Amino acid sequence: MPETEMETQPEPEPESDSWEYSLYIPHDLRAVTVSRRTLRLILTMHGLISLVDTAELLATELVSNAVRHTKGPAALRVRWSAGVLRIGAWDADPQPPQPPEELGQLADSEDGRGMGMIRSCSDLWGWQPLSRFGKRGKFVWCELAAGRVSSGLPAA
């Protein structure tokens, strides 16, 4: 085919640049490592290398809280849409997470730093109660924008 004809052919439109993955995990502390490594692979395969370090830190805190502070299974959900990465953890406990404090106030504390890190290192965070098939739980999530530099520190 001559080059001029190839140039006139339109590029196929991608169906969507949005995607979502869910990883269901047992009530097992090893799930934290499995979740972190799975997230790294997902982000690498989607070309989001700049978000990997911060996203791993956030996912580790979310999944760790779900496994350590609840009794039952949990799940990690990762969604990319409109240039924003949302990382969330579902667990079977309907109780809200402890409100995060400023990291500076937690320097000497042995517990409670996780939500403070989520608050400090993400662009936005929140939680919502869930109910499905008579079972209750919650979903705690945070977001990172595509332009964020991966340093594990809040964006300037």
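Here are four short exercises, with worked solutions, on a predicted model.

**Exercise 1. Work out how strands β1, β2 and β3 are paired, and in which direction they run.**

Start with β1, residues 19-25, and β2, residues 74-81: 7 bridges join them, and the two run antiparallel. For a concrete pair, look at Trp19, whose bridge partner in β2 is Trp80. Next, go from β2 to β3, residues 84-91. Here 8 bridges join the strands, which again run antiparallel. Leu76 gives you a pair to check, with Ala89 as its bridge partner in β3. Finally, look at the turn: the hairpin of β2 and β3 has 2 residues between the strands, and Ala82 takes a positive phi near 55° there. Put together, β2 is bridged to β1 and also to β3.

**Exercise 2. Describe how helices α2 and α3 pack, and decide whether they are roughly parallel, antiparallel or perpendicular.**

Two numbers do the job, since packed helices are described by the angle between their axes and the distance between the axes. Helix α2 covers residues 30-45 and helix α3 residues 52-68; the angle is about 150° and the axes lie 9 Å apart. Angles over 145 degrees count as roughly antiparallel, so α2 is roughly antiparallel to α3. As for handedness, α2 passes α3 in a right-handed crossing.

Now list who makes the contact. From α2 come Ala31, Val32, Ser35, Arg36, Leu39, Arg40, Leu43 and Thr44. From α3 come Val52, Asp53, Ala55, Glu56, Ala59, Thr60, Val63 and Ser64. Sorted by class, that contact has 8 nonpolar, 4 polar and 4 charged residues.

**Exercise 3. Take Ser64 and decide: is this residue buried or exposed?**

First, place it: Ser64 sits in helix α3. Then check the relative accessible area, which is 13% for Ser64. Buried means under 20%, so Ser64 is buried. Now for the neighbours: leaving out residues up to four places away in sequence, Ser64 touches Val32 and His69. Val32 should ring a bell, as it is one of the α2 residues in the contact with α3.

**Exercise 4. Do the same for Ser131: buried or exposed?**

Ser131 is found in strand β4, residues 124-132. The relative accessible area of Ser131 comes to 61%. The cut-off for exposed is over 50%, so Ser131 is exposed. One last distance to try: the C-alpha atoms of Ser131 and Ala92 are separated by 9.4 Å, with the two residues 39 apart along the chain.

Definitions and conventions:
Residues numbered from 1 in each chain as written. Predicted model: local features only at pLDDT ≥ 70, side-chain atom pairs only at ≥ 80, totals over all residues. Heavy atoms only, no water. Helix = DSSP H or I, 4+ residues; strand = E, 2+ residues; numbered from the N terminus. Buried < 20%, exposed > 50% of the residue type's maximum accessible area, 1.4 Å probe, protein only. Pairing = 2+ DSSP bridges. Axes fitted to C-alpha atoms, helices over the stretch in contact; angles between N-to-C directions. Parallel < 35°, antiparallel > 145°, perpendicular 65-115°, else oblique. Left-handed = near helix turned anticlockwise from the far one by under 90°. Contact = heavy atoms within 4.5 Å. Nonpolar A, V, L, I, M, F, W, Y, C, P; charged D, E, K, R; others polar.
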